[in-house]
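Subject: A structure for you to look at

Hi,

Here is the structure I promised to pass on. Have a look at it first, then read my notes below.

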Amino acid sequence: MDKDRIKDFAERVYRDMAGAMAIGMAYLGEKTGLFRALADGAAVSAAALAERTGLVPRYVEEWCAGMAAAGWLEHDEATGSFRLPAEHAFLLASEGTDHFMGGLFLAGPSLLALAPRLVQAFREGGGIPPEAFDADWLLAVDLMNGGAYRERLASYWLAQLPEVRARLEASGRALDVGCGVGEAAMALARAFPRAAILGVDPDGRAIGRARAAATGAGLANLAFLEGTIEAVPCEPPFDLVLLLDCLHDLAAPEATLAAIRARLAPEGVLFVMEPRAGDRIADNANPLGVTYYGFSLFHCTTQSLARGGPGLGTCAGPARITELLRRAGFAEVEPLTIKSFTNMFFAARG
Ligand SMILES: C[S@@+](CC[C@H](N)C(=O)[O-])C[C@H]1O[C@@H](n2cnc3c(N)ncnc32)[C@H](O)[C@@H]1O
């Protein structure tokens, strides 16, 4: 055996462990408001930060030390102070924007807490059903995706489909399948006040939140339905169907896609957003790919297998996604050139 290789790999394992622990510490920073309290970029002692946040000083002191060791905070040894650089605050204390990364910090502990159940699934088959995922996971998905829907969907992303936008501007109908807590449907309802927007999702908790948010926002052209696509009538048809971060989660992807196709108007378009992954493992041998394989095992694959689905997984990749869309009957599948670090996009027609 090559001793250097053993040493290098041991270092690698510690680096990965450090990453997992840093995410755990970031979870604390997000939930307790520590990142927000540091957002002004000013240097502060741990004691002053504890006072500012009303948190227990000894915990805050240890957290500051750990986050500084991880490189998330800057530490000045001479004064004993800590500060959050503006560039880090841009990602850590920017809730509601499309650059906020806090969703990841909620996702990590929420998913890893299910590890013992996943061991059981590895041995006995089946999986962890959607209802077993906690409220943090629901919030994590919203924080990871919601900002982009609010800031980019109707403007930048749908600019790729000018004919659909024109129809929705005049009147038209759009459906969001697997709408979750409804951020994308709300973004459409705001951007196209003359269009009728419907969101559908089998998760009752998500639909409850979506309905409350839509009512709070006073969006009268928007409705939500708890259920799957089969609960949506085929007539009148839709000009646009969104399937966002959902296709790989489906228990019956081909049947759901065929049911979507049956509800599209002749010129209608299915807009698909999937996690950005390559078709080969080697394409995904990077931090985003490893993150997605983790999401896949701890959520996407297992919740599909739990429902008798194929468990397509978070890294299903463009070739498999395209093939599925074609098998479901779509004559034309166009990869869209929308810039995104985390997602890839397709338009399916015909
Ligand atoms: C990762 S979440 C994405 C939610 C939302 N589209 C977003 O991008 O934030 C996947 C969603 O698919 C929904 N889902 C799973 N199976 C479904 C089905 N057969 N029909 C519709 N939605 C489904 C889940 O309930 C969940 O809300």
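Before the notes, one term: a residue counts as buried if 20 or more other C-beta atoms lie within 10 Å of its own, and as exposed if 12 or fewer do. By that count, 40% of the 350 residues of the protein are buried. Keep in mind that this is a predicted model.

**The whole thing**

The protein has 14 helices and ten strands. Its radius of gyration is 22 Å, close to the 20 Å that the globule rule gives for 350 residues, so the protein is as compact as a globular protein of that length. If you draw a box along the principal axes, the C-alpha atoms fill roughly 70 × 55 × 35 Å. Now take the contacts between residues at least 6 apart in sequence: 68% of them join residues at least 24 apart.

**The seven-stranded sheet**

Try tracing this one on screen. Seven strands make an open sheet with mixed pairing, in the order β6-β5-β4-β7-β8-β10-β9. Why do β6 and β9 each have a side without a neighbour? Both stand at the edges with a single partner strand, so one side of each is left free in the sheet. From one strand to the next, the twist averages 20°.

At one edge, β5 (residues 196-201) pairs with β6 in the parallel sense, over five bridges. Valine 200 has leucine 225 in β6 as its bridge partner. Two helices pack on this sheet:

- Helix α9 (residues 162-170) touches β4, β7 and β8, and its direction makes about 115° with that of β7.
- Helix α10 (residues 183-191) touches β4, β5, β6 and β7, and its direction makes about 175° with that of β5.

At the other edge, β9 and β10 (residues 343-349) pair in the antiparallel sense, again over five bridges. A hairpin through six residues joins β9 to β10. Proline 335 stands opposite phenylalanine 346 in β10.

As a reminder from class, strands of a sheet pair through backbone hydrogen bonds, either parallel or antiparallel.

**The three-stranded sheet**

There is also an open sheet of three strands, ordered β1-β3-β2, with antiparallel pairing. Its edge strands are β1 (44-45) and β2 (74-76), each pairing on one side only. β1 and β3 (residues 81-83) are joined by two bridges, and serine 45 stands opposite serine 81 in β3.

**Around the ligand**

Which residues come closest to the ligand? They are Asn145, Gly178, Gly180, Asp203 and Asp245, out of 20 residues that surround it. By type, the shell around the ligand divides into eleven nonpolar, five polar and four charged residues.

**Out in the open**

Helix α7 (residues 115-124) is worth a click: of its ten residues, the number buried is zero, so the helix lies largely in the open. Just after α7, glycine 125 takes a positive phi of about 85°.

Then go to aspartate 8, in helix α1 (residues 3-32). Is aspartate 8 buried or exposed? With 10 other C-beta atoms within 10 Å, aspartate 8 is exposed. Its C-alpha atom is separated by 56 Å from that of leucine 168, 160 residues apart along the chain.

Cheers

Key. Residues are numbered from 1 along each chain as its sequence is written. This is a predicted model: local features need pLDDT of at least 70, side-chain atom pairs count only at pLDDT 80 or more; totals for chains, interfaces and linings use all residues. Two strands pair if DSSP finds at least two bridges between them. Helices (H or I, at least four residues) and strands (E, at least two) are DSSP runs, numbered from the N terminus. Axes are lines fitted to C-alpha atoms, for helices over the stretch in contact, and angles run from 0 to 180 degrees between N-to-C directions. Two residues are in contact if their C-beta atoms, placed from the backbone, lie within 7 Å. A residue is near a molecule or strand if its C-beta atom, placed from the backbone, lies within 6 Å of it. Ala, Val, Leu, Ile, Met, Phe, Trp, Tyr, Cys and Pro count as nonpolar, Asp, Glu, Lys and Arg as charged, and the others, Gly among them, as polar. The radius of gyration is taken over C-alpha atoms; the globule rule is 2.2 Å times the number of residues to the power 0.38.
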